[in-house]
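Please have the model open while reading. The paragraphs below go through it one site at a time.

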Amino acid sequence: MLIVMKADATRDDIERVVRVIEELGFRAHPMPGENRTAIGITGNPGAIDPTHFENLEGVAEALRVTKPYKLITLDLKHDPTVVKVGDAVIGGDELTIMAGPCAIESREQAFTVAEAVMKSGAKFYRGGAFKPRTSPYAFQGLGEEGLKIMAEIRDAFGLKIITEAMDERGVDLVERYADVIQLGARNMQNYSLLKYVGRSKMPVMLKRGLSATLEEWLLCAEYIMAEGNYNVILCERGVRTFADHARNTLDLSIIPAARKITHLPIIVDPSHGTGKTFMVTPMARAAVAVGADGIIVEIHPKPEIALSDGAQALTPDIYAQMVEEVRAIHEVVSPVAVA
Ligand code: PEP
Ligand code: MN
């Protein structure tokens with residue numbers, strides 16, 4: 001059930017509805033919008049009788065939800081979600097650029113890349129400290145040491161840090177050193193981890209699973225929101241298909257499809273989405289043209305000696321050029337054009 005409040009409903013009206021929901025034993029999720037507040041309800045095993053709410057002051061409508069989602073939907077919140085991270089934002093009118101190395105390998109490598117990221121005007125630095133590698137013998141990341149290096153970068157450059165947590169312990173550490181928790185493609189359906197980050201106060205970027213449908217992906221975002229963390233960002237990073245000319249197939253058509261259903265911001269990762277340096281800039285341009293809220297890309301000062309994902313890394317020069325190009329595209333892509 002979804003309670004739509006009147007435009008002139010007061011804070012007391014909203015609190016009264018929340019109290020009734022809680023007295024019924026359910027959870028209330030008030031979502032303030034530009035024109036009105038809507039309140040999502042979770043925790044109810046079956047349909048709720050709308051008469052509990054219809055006569056309460058300030059209530060416009062009590063609507064049955066027939067879709068599998070309650071909190072990620074435009075039905076609950078018409079306006080796009082803008083996730084605020086200090087003075088930086090993800091979503092809305094801004095194009096968000098997140099960039100950095102696949103993995104933090106050393107202080108020197110991480111700082112060289114940070115210089116390029118800051119110079120480009122990007123606000124977010126990405127870097128892996130805990131790496132989900134296909135082979136157990138491949139470089140697994142520096143762990144907490146990598147997080148400490150990123151925390152230093154945050155202080156030195158004023159960049160916000162986004163980094164992956166692979167398990168609950170990783171989440172606790174990432175909360176200590178970073179600004180946004182990334183959940184990787186391989187963990188998209190790790191439901192206990194989704195619930196855990198749902199109880200975090202930190203924004204979460206949820207990458208699409210390697211073979212996840214739109215509905216599966218959105219329901220994973222719903223898991224996080226149902227626990228009370230509404231600062232969720234989606235990230236399309238390519239899916240596994242029969243095509244073998246690229247590491248993954250970057251599925252840009254999911255952006256307009258997702259926009260029809262959800263208010264959550266969507267970032268595109270053309271690095272993992274293609275796996276090849278020469279494809280990253282063209283697909284970054286396409287992502288912005290199709291209406292992505294931002295891009296996340298990997299940079300390495302010397303891709304040929306990178307400890308992970310060198311084949312898809314941009315050099316600082318190629319990166320700088322790409323940022324100029326995507327910014328120019330973003331200028332001409334109006335929200336109407338991509339609606
Ligand atoms: C990453 O961003 O470093 C990463 C491992 O991505 P994904 O989970 O999309 O493979
Ligand atoms: Mn990588």
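Phe242 is placed in the loop between β12 (232-236) and α8 (254-259). In this predicted model, is Phe242 buried or exposed? Its relative accessibility is 82%, and the cut-off for exposed is over 50%, so Phe242 counts as exposed. Another phenylalanine, Phe124, is 118 residues from Phe242 in sequence. In space the two are 33 Å apart, taken from C-alpha to C-alpha.

Thr81 is also a loop residue, placed between β4 (59-63) and β5 (83-85). Its relative accessible area is 7%; buried means under 20%, and therefore Thr81 is buried. The side chain of Thr81 takes part in polar contacts with the side chains of two residues, Lys77 and His263. The contact with Lys77 is 2.9 Å, and the one with His263 is 2.7 Å.

Met5 belongs to strand β1, which covers residues 2-5. With 2% relative accessibility, Met5 counts as buried. Which separation is found between Met5 and Ala62, in sequence and in space? They are 57 residues apart along the chain, while their C-alpha atoms are 8.8 Å apart.

The next topic is the metal site. Which residues are the protein donors of the manganese ion (ligand 2)? They are Cys102 through SG, His272 through NE2, Glu298 through OE and Asp309 through OD. These donors lie 2.0 to 2.4 Å from the ion. Along the sequence, the donor residues follow the spacing C-x169-H-x25-E-x10-D. Within this set, the pair His272 and Asp309 links distant parts of the chain, the two residues being 37 apart. His272 is in helix α9 (residues 270-274), whereas Asp309 is in the loop between β14 (294-298) and α11 (316-332). Both of these donors are buried.

Two further points concern these donors. For Asp309, the backbone is the point to look at: its phi is positive, at about 55 degrees, although Asp309 is not a glycine. Most residues other than glycine have a negative phi. For His272, there is a side-chain partner, Asp269, at a polar contact of 2.7 Å. Asp269 lies in the loop between β13 (266-268) and α9. What is the relative accessibility of Asp269, and does it count as buried or exposed? The value is 1%, so Asp269 counts as buried.

His272 leads on to the other ligand. Ligand 1 is surrounded by twelve-odd side and backbone neighbours that can be picked out in the display, including Arg126, Lys131, Glu164, Lys207 and Arg237. The metal donors His272 and Glu298 are also among the residues around ligand 1. Gln182, Ala185 and Arg186 belong to the surroundings as well, and each can be described by a distance to an oxygen atom of ligand 1. For Gln182, an N or O atom of the side chain is 2.9 Å away from such an oxygen. For Ala185, the atom concerned is a polar backbone atom, at 2.8 Å. For Arg186, a polar side-chain atom lies 2.8 Å from an oxygen atom of the ligand. Taken alone, ligand 1 exposes 300 Å², and the protein buries 97% of that area. The place where ligand 1 sits is the second largest pocket.

Key
Residues are numbered from 1 along each chain as its sequence is written. Chains are lettered from A and ligands numbered from 1 in the order in which they are written. This is a predicted model: local features need pLDDT of at least 70, side-chain atom pairs count only at pLDDT 80 or more; totals for chains, interfaces and linings use all residues. Side-chain values use heavy atoms; hydrogens and water are left out. Donors are N, O and S atoms within 2.8 Å of the metal (3.2 Å for Na, K and Ca); water is not among the atoms, so sites may look incomplete. Helices (H or I, at least four residues) and strands (E, at least two) are DSSP runs, numbered from the N terminus. Buried means under 20% relative accessible area, exposed over 50%, partly exposed in between (1.4 Å probe, protein chains only). A residue is near a molecule or strand if one of its heavy atoms lies within 4 Å of it. A polar contact is a pair of N or O atoms within 3.5 Å; within protein, one must be able to donate a hydrogen and the other to accept it, and residues adjacent in sequence count only if both atoms are side-chain atoms. Accessible areas come from the Shrake-Rupley method with a 1.4 Å probe; for residues, only the protein chains shown count as cover. On a 1 Å grid over the protein atoms alone, a cavity is a set of points where a 1.4 Å probe fits but cannot get out, and a pocket is an open set with protein on both sides within 12 Å along at least five of seven lines; lining residues have an atom within 4 Å of a point. A molecule sits in a cavity or pocket if more than half of its atoms lie within 2 Å of its grid points.
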